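User: I'd like to go through how the helices and sheets are arranged here. Could you take me through it piece by piece?

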Amino acid sequence: MTPGTTGLSGAEETQEEWRGWRQAMRDALYGPEGFYRTRPEGPAGHFRTSVHASPLFAGAVARLLCRVDAALGHPDPLDFVDMAAGRGELVTGVLAALPAETAARTRAYAVEVAARPEGLDRRVRWLAEPPAGVTGLLFANEWLDNVPVEVAEVDAAGVARRVLVRADGAERLGEPVAGAEAAWLARWWPPAGGEGRRAEIGLPRDEAWASAVATLDAGLAVAADYAHTAAARPPFGTLTGFREGRETEPVPDGSCDITAHVALDACAAAHAARCAPEHAPPDALLRPQREALHALGVTGARPPLALASTDPAAYVRALASASQAAELTAPGGLGDFLWLLQPVGAVDAAALLVDVADHEEQ
């Protein structure tokens, strides 16, 4: 339906509630009857993330945690924070993949609005907000894309206006974007082009990310997400929905996930902006997931065919692992995720993503 056209008479329209997408998304995902609070199947029932694709992903995150541990001088305790933890799949996998000595020192946290799932490892502390005073690794896999944002659209006069939406997904244009939101658009996503061009105003994500990074006393914060940078903003935005494994229209009634890609370069700058000039933070990194996972030992290389003759069972296991690694790093798929690595304290993010073989020799 064309924005601004509802198919209702004026009298009917006055009885409907029109809201900006940020409020509508917040209620649909996190309200009392929201998608992330009430669905027993959890996010895995509606979309496939890297965590669900293969245990290799949790293994790579565990390896990254070990590298952070070494960079920090093996603190006791060592913290691992799983942001937007779903049903605890990532934190469970990380704990299982850690060396015994490291696991014994690790305090594991899962941050999620839903209730703690039954049967979760009792070592995991389940929280609604990230803990303060973290020394270690905070990992946010597909969190920021679900932080609610306003949507702006250019009208016929070239003015960027807020997009308003009803619970059934119908849209119309509202007031012009102003204030801090207009300043964000001007800096990070100028709505270039003609009528119908769209942008998601990422200011709430910048603030959420900077607040999460601020919980670290020392270590590394990582956001892995569908994302874009200023060099290639999508001209019509990315707002969409997922239901039962399929992409669908984003209807803010609690029946589906609602998501939009993340301007991760803006998020990175938001943390730096909070730091005093005399305490400039270490450089952040943006890397495609395939590069990050390759550096952490997930390569997708097929096993040698000779292994099929000498050890058929091992060959089958290695082939399955290679297939999973290929999915995690595939162009056009999960491999196109961006990772934002934001170090805090005396941590060199680039040094954490050297080739796994080189790192193990050091």
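User: At what angle do helix 9 and helix 10 pack, and how far apart are their axes?
Analyst: Keep in mind that this is a predicted model. In it, helix 9 and helix 10 pack at an angle of about 55°, and their axes are 8 Å apart. That angle makes helix 9 oblique to helix 10, because angles from 35 to 65 degrees fall outside the parallel, antiparallel and perpendicular ranges.

User: And is the crossing left-handed or right-handed?
Analyst: The crossing of helix 9 past helix 10 is right-handed.

User: Which residues make that contact?
Analyst: Helix 9 contributes Arg205, Asp206, Glu207, Trp209, Ala210, Ser211 and Val213, while helix 10 contributes Ala266, Cys267, Ala270, His271 and Arg274. By residue class, the contact of helix 9 with helix 10 divides into six nonpolar, four charged and two polar residues.

User: OK, what do these helices sit on? Start with helix 9: which strands does it lie across?
Analyst: Helix 9, residues 203–213, lies across strand 5 (134–141), strand 10 (216–225) and strand 17, and it runs at about 145° to strand 10. Helix 10, residues 264–274, also packs on the sheet, where it touches strand 10, strand 16 and strand 17, and its direction makes about 5° with that of strand 17.

User: What's the strand order in that sheet?
Analyst: It is an open sheet of seven strands in the order 4-3-2-5-10-17-16, with mixed pairing. The edges are strand 4 (124–127) and strand 16 (285–288), each of which pairs on one side only. Neighbouring strands of this sheet are turned by 20° against each other on average, with direction ignored.

User: How many bridges join strand 16 to strand 17?
Analyst: Four bridges join strand 16 to strand 17 (residues 338–344), and the two strands run antiparallel. As one example of a bridge, Arg287 has Trp339 in strand 17 as its partner.

User: Switching topic, what about the sheet with strands 12, 13 and 14: what is its order?
Analyst: Those three strands form an open sheet in the order 13-12-14, and the pairing is antiparallel. Strand 13 (246–248) and strand 14 (257–259) each have a single partner strand, so one side of each is left without a neighbour in the sheet. The twist from one strand to the next averages 35°.

User: How many bridges pair strand 12 and strand 14?
Analyst: Strand 12 (residues 240–243) pairs with strand 14 in the antiparallel sense over three bridges. Within that region, the bridge partner of Phe242 in strand 14 is Asp257.

Note on methods
Residues are numbered from 1 along each chain as its sequence is written. This is a predicted model: local features need pLDDT of at least 70, side-chain atom pairs count only at pLDDT 80 or more; totals for chains, interfaces and linings use all residues. Side-chain values use heavy atoms; hydrogens and water are left out. Two strands pair if DSSP finds at least two bridges between them. Axes are lines fitted to C-alpha atoms, for helices over the stretch in contact, and angles run from 0 to 180 degrees between N-to-C directions. Contact means heavy atoms within 4.5 Å. Angles under 35 degrees count as roughly parallel, over 145 as roughly antiparallel, 65 to 115 as roughly perpendicular and the rest as oblique. A crossing is left-handed if the near helix is turned anticlockwise from the far one by less than a right angle, and right-handed if clockwise. Ala, Val, Leu, Ile, Met, Phe, Trp, Tyr, Cys and Pro count as nonpolar, Asp, Glu, Lys and Arg as charged, and the others, Gly among them, as polar.
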